[in-house]
Amino acid sequence: MTGKERYEAAKEQYGKLGVNTDEALETLKNIPISMHCWQGDDVIGFDHDGPLTGGIQTTGNYPGKARTPEELMADIEKALSLIPGKHKVNLHACYAVFGEGERVDRDKLEPQHFAKWVEFGKRNGVAFDFNPTCFSHPMAEDGLTLSSPDEKVRKFWVEHCKACIRISEYLATEQGSPCAMNIWIPDGMKDVPADRLGPRARFKQSLDEILAMPYDKEKVLVCLESKVFGIGMESYTVGSSEFTLSYAAKNGIISLLDNGHYHPTEVVSDKIPSMLLFNDKIALHVTRGVRWDSDHVVLFEDETKEIAKEIVRDDAIGRVLLALDYFDASINRIAAWVIGMRNMQKALLYALLSPNKKLKALQDEGRFTELMMQQEELKTYPFGDVWNQFCERNGVPVGENWFADVKEYEENVLLKRK
């Protein structure tokens, strides 16, 4: 059978469950995922020469890491050419592009330092999200930024975040669509603190000062991300889940949930429906934590599927700002992007191909045997044939055929970077 014939057979089988595969493919095409630029260069950026710090580590030394803005942009272009649909790119402030001989500190960043990214976006039909970079900087050496008791340090990071709001508004204006700007801090302590309240009070003060600046709230969607712990801050994290959820709810900004930022027995998929009951929008960083927040490449695994199911069956596609966040230097970095992005899309498609109304009805009617049966039978439906059709319709390689393009790019481009 040809791919088209296999798709038509799958379409008929899903149709018997009341699922329209053509509608599912059209819906999936219009779900943007924000692809994180920092996978391409191991979270280094272009505004400093120092090491990666702030409780973040990358492992591996696979050849071909992007070293310049031009190389990173070329690598992103290559990855996006192998991923179906239209997506966004998520930038960190440390990816500012300076002119010859120019370098400003992070509290002095301006929109002009991201003009090259705007040109890239317009050339490729890509919009951007944005993040302050509150790590890998001398002002973050003691593990405290927006919660620092040193007023000079605290104010530096306040001004940095204000600069990032201005940059985010610039990006939103240029791209004609909102820019999600996510604040995450690495602040915490290695050992048991003597004062848990003080740092959080200072963090609150800093956020209040940042949000007091005038900005267009339709253009800049400020998000706040929690963390359970990090390397060097194992005992205490200032930006805990309770803090960030409470602050976001009280101040009308968006809570961002990273599924690596909770206890290993917690799952973000279970948090999503509760959050949707009380928030117009939520934001997600989808990653894969192995025993802890280790930011592994997203796989087509149970929790990824469950996250996608909640987005789809809660009718929240337009309410969830979806982004990925991982970094792996042990494998081809472009392949890492493509694998993770396509897996997130596969999870969304899997959810779109479920007879969600029927399954909900079975639950409400207490028909749990039939519910279990149907959920299990769906696992062997011809999902792969529908996915392959999605790739064909969007002009990207089907199945593992995309990997040949990555290997060719590796031979001709990546391995020549010394």
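The following exchange looks at one strand and a few salt bridges in a predicted model.

Visitor: How should the numbers and values be read?
Guide: Residues are numbered from 1 along each chain as its sequence is written, and side-chain values use heavy atoms, with hydrogens and water left out. Because this is a predicted model, local features need pLDDT of at least 70, side-chain atom pairs count only at pLDDT 80 or more, and totals for chains, interfaces and linings use all residues.

Visitor: How many of the 5 residues of strand S9 are buried?
Guide: Helices (H or I, at least four residues) and strands (E, at least two) are DSSP runs, numbered from the N terminus, and buried means under 20% relative accessible area, exposed over 50% and partly exposed in between, with a 1.4 Å probe and protein chains only. Ile-282, Leu-284 and Val-286 point one way from S9, while Ala-283 and His-285 point the other way, and all are buried. Strand S9 (residues 282-286) is therefore largely enclosed by the rest of the structure, the number of buried residues being 5 of the 5.

Visitor: Which residue stands opposite Ile-282 of S9?
Guide: Two strands pair if DSSP finds at least two bridges between them. S9 and strand S10 (residues 320-324) pair in the parallel sense over 5 bridges. Within S10, the residue opposite Ile-282 is Val-320.

Visitor: Which residue stands opposite His-285 in S9?
Guide: Strand S8 (residues 254-258) also pairs with S9 in the parallel sense, over 3 bridges. The residue that stands opposite His-285 is Asp-258.

Visitor: What is the distance between the closest N and O atoms of Asp-47 and Arg-106?
Guide: A salt bridge is a side-chain nitrogen of Lys or Arg within 4 Å of a carboxyl oxygen of Asp or Glu, and the structure holds 27 salt bridges. Asp-47 lies in the loop between strand S1 (34-36) and helix H3 (69-80) and Arg-106 in the loop between strand S2 (88-92) and helix H4 (115-124), so the pair ties together parts that are 59 residues apart in sequence. Both Asp-47 and Arg-106 are buried. In their salt bridge, the closest N and O atoms are apart by 2.7 Å.

Visitor: Is Glu-410, in its salt bridge with Lys-407, buried or exposed?
Guide: Lys-407 and Glu-410 both lie in helix H14 (residues 402-412), 3 residues apart, which is about one turn of the helix, and their side chains meet in a salt bridge at 3.0 Å, N to O. Lys-407 is partly exposed, with a relative accessible area of 32%. At 5% relative accessibility, Glu-410 counts as buried.
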